[in-house]
Amino acid sequence: MKHVIATLALVVLLSIPAQAVSVTGRIRFTGRAPGVAVQTIVYAEALDGNRIQPGQFKLIQRNKSFVPHVLAIPAGSTVSFPNNDPIFHNVFTLSTPGPFDLGLYRAGTSKDRVFKAPATYRVFCNIHPQMSAFVLVVPTSYITEADASGMYRLDLPAGRYRITAWSERAEPSSVEWTAAVSGAAVPDVTLDESKFVETSHKNKFGQDYPKAAYDTKKN
Ligand SMILES: [Cu+2]
């Protein structure tokens, strides 16, 4: 009888959903360039079985730039790429595992892409070399962005997580940690941006852009 009661108690315990907790943390930067706005993404993967809820997102082409510059999404999500400029753009990526070329399309129109596998996609325009963006596809729905000082907040079900910080100027950096109570602080994670070197990129054919493409007055 004691055994039955213990088993029942366990079943009841297991059926209670993990309590949501709100935690904060701080990303520290080594060699962060002063005066440059760099988006810092933070995401938490549950180590006891991850919960991914794909969603719908937008990466807008506006004033010959991509907005936002870094779009972080759960794997399986759909991204639409609306052109809000009065000129043509040609969005493409050569990144694996899913390179694509959306082709030319005009103002007010949009195309969609589904991003299945976690990866970092570098997205460009084949006409305007100054346009660049990242689609960061991650294996979790718990994603947030740190502010300029590196502070962030995450709302998570209680449990054990790998918490990763990402910026385009550093190798990603992680910490494993158990989120148990609200208000707790995640151990600091450091992003080393000191080795970052700005590089130019190729067009969709893997070639240099024509010189005229860099003339921002005409383009
Ligand atoms: Cu363009």
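1. Six residues of domain 1 are in contact with nine residues of domain 2. The model under discussion is a predicted one. The domain assignment puts residues 19-48 and 144-198 in domain 1, and residues 52-139 in domain 2. Domain 1 is therefore written as two stretches of the chain, while domain 2 is a single stretch. Taken over C-alpha atoms, the centres of the two domains are 24 Å apart.

2. On the chain as a whole: it contains one helix and 17 strands. The C-alpha atoms fill a box of roughly 80 × 35 × 25 Å along the principal axes. The chain has 219 residues, and 42% of them are buried. Among contacts with a separation of 6 or more, 62% are between residues 24 or more positions apart.

3. Where does the largest pocket lie with respect to the domains? Domain 1 and domain 2 both give residues to its lining, so the pocket lies between them. Its volume is about 420 Å³. The lining consists of 22 residues, and those nearest the centre of the pocket are His69, Arg122, Ser132, Glu168 and Glu198. Strand E11 (119-125) and strand E12 (132-138) are the elements that give two or more residues to this lining. Sorted by class, the lining has ten nonpolar, eight polar and four charged residues.

4. The next point concerns the nonpolar cores. In soluble globular proteins, nonpolar side chains tend to be buried together. The largest nonpolar core here has 22 residues, and the members that touch the most other members are Val23, Ile27, Tyr152, Leu156, Tyr161 and Ile163. Seven strands are listed as giving two or more residues to this core: E1 (20-30), E2 (40-46), E13 (142-146), E14 (151-157), E15 (159-166), E16 (173-179) and E17 (189-192). Apart from this core lies another, of 20 residues, which include Ala75, Phe115, Cys125 and Met131.

5. Tyr152 is one of the core members just named, and its contacts can be followed along the chain. Leaving aside neighbours within four places in sequence, Tyr152 is in contact with Val23, Thr24, Gly25, Arg26 and Ile27, and also with Val42. Further contacts of Tyr152 are with Thr144, Glu145, Ala146, Ile163 and Val186.

6. Is Phe66 buried or exposed? Phe66, which is found in strand E5, has a relative accessibility of 5% and so counts as buried, the limit being under 20%. Neighbours within four places in sequence aside, Phe66 is in contact with Leu59, Ile60, Gln61, Val91, Val123, Phe124, Cys125, Met131, Ser132 and Ala133. Two of these contacts, Cys125 and Met131, are also named among the residues of the core of 20. Ser132, another contact of Phe66, is one of the residues nearest the centre of the largest pocket. Between the C-alpha atoms of Phe66 and Asp192 there are 25 Å, with their positions 126 residues apart in sequence.

7. Two residues in the loop between strand E4 (60-62) and E5 deserve a look at their backbone angles. Most residues other than glycine have a negative phi, and most peptide bonds are trans. Asn63 has a positive phi, near 50°, and Lys64 has a positive phi near 55°. What is the exposure of each? Asn63 has a relative accessibility of 64% and counts as exposed, because the limit is over 50%. Lys64, with a relative accessible area of 25%, is partly exposed.

8. Two cis peptide bonds are to be noted, each leading into a proline. One joins Val67 and Pro68, with omega about 0°; Pro68 lies in the loop between strand E5 (65-67) and E6. The other runs from Thr96 to Pro97, with omega near 10°. Pro97 is found in the loop between strand E8 (89-93) and strand E9 (100-105).

9. Last, Gly76 sits in the loop between strand E6 (70-74) and strand E7 (77-80). Gly76 has a relative accessible area of 30%, so it is partly exposed. Not counting residues up to four places away in sequence, Gly76 touches Pro54, Val114, Phe115 and Lys116. Gly76 and Met131 are 55 residues apart along the chain, and their C-alpha atoms are separated by 25 Å.

Methods:
Residues are numbered from 1 along each chain as its sequence is written. This is a predicted model: local features need pLDDT of at least 70, side-chain atom pairs count only at pLDDT 80 or more; totals for chains, interfaces and linings use all residues. Side-chain values use heavy atoms; hydrogens and water are left out. On a 1 Å grid over the protein atoms alone, a cavity is a set of points where a 1.4 Å probe fits but cannot get out, and a pocket is an open set with protein on both sides within 12 Å along at least five of seven lines; lining residues have an atom within 4 Å of a point. Grid points are joined across faces, edges and corners, and a volume is the space filled by probe spheres set on the points. Helices (H or I, at least four residues) and strands (E, at least two) are DSSP runs, numbered from the N terminus. Ala, Val, Leu, Ile, Met, Phe, Trp, Tyr, Cys and Pro count as nonpolar, Asp, Glu, Lys and Arg as charged, and the others, Gly among them, as polar. A nonpolar core is a set of buried Ala, Val, Leu, Ile, Met, Phe, Trp, Tyr and Cys residues joined through side-chain atoms within 4.5 Å. Buried means under 20% relative accessible area, exposed over 50%, partly exposed in between (1.4 Å probe, protein chains only). Contact means heavy atoms within 4.5 Å.
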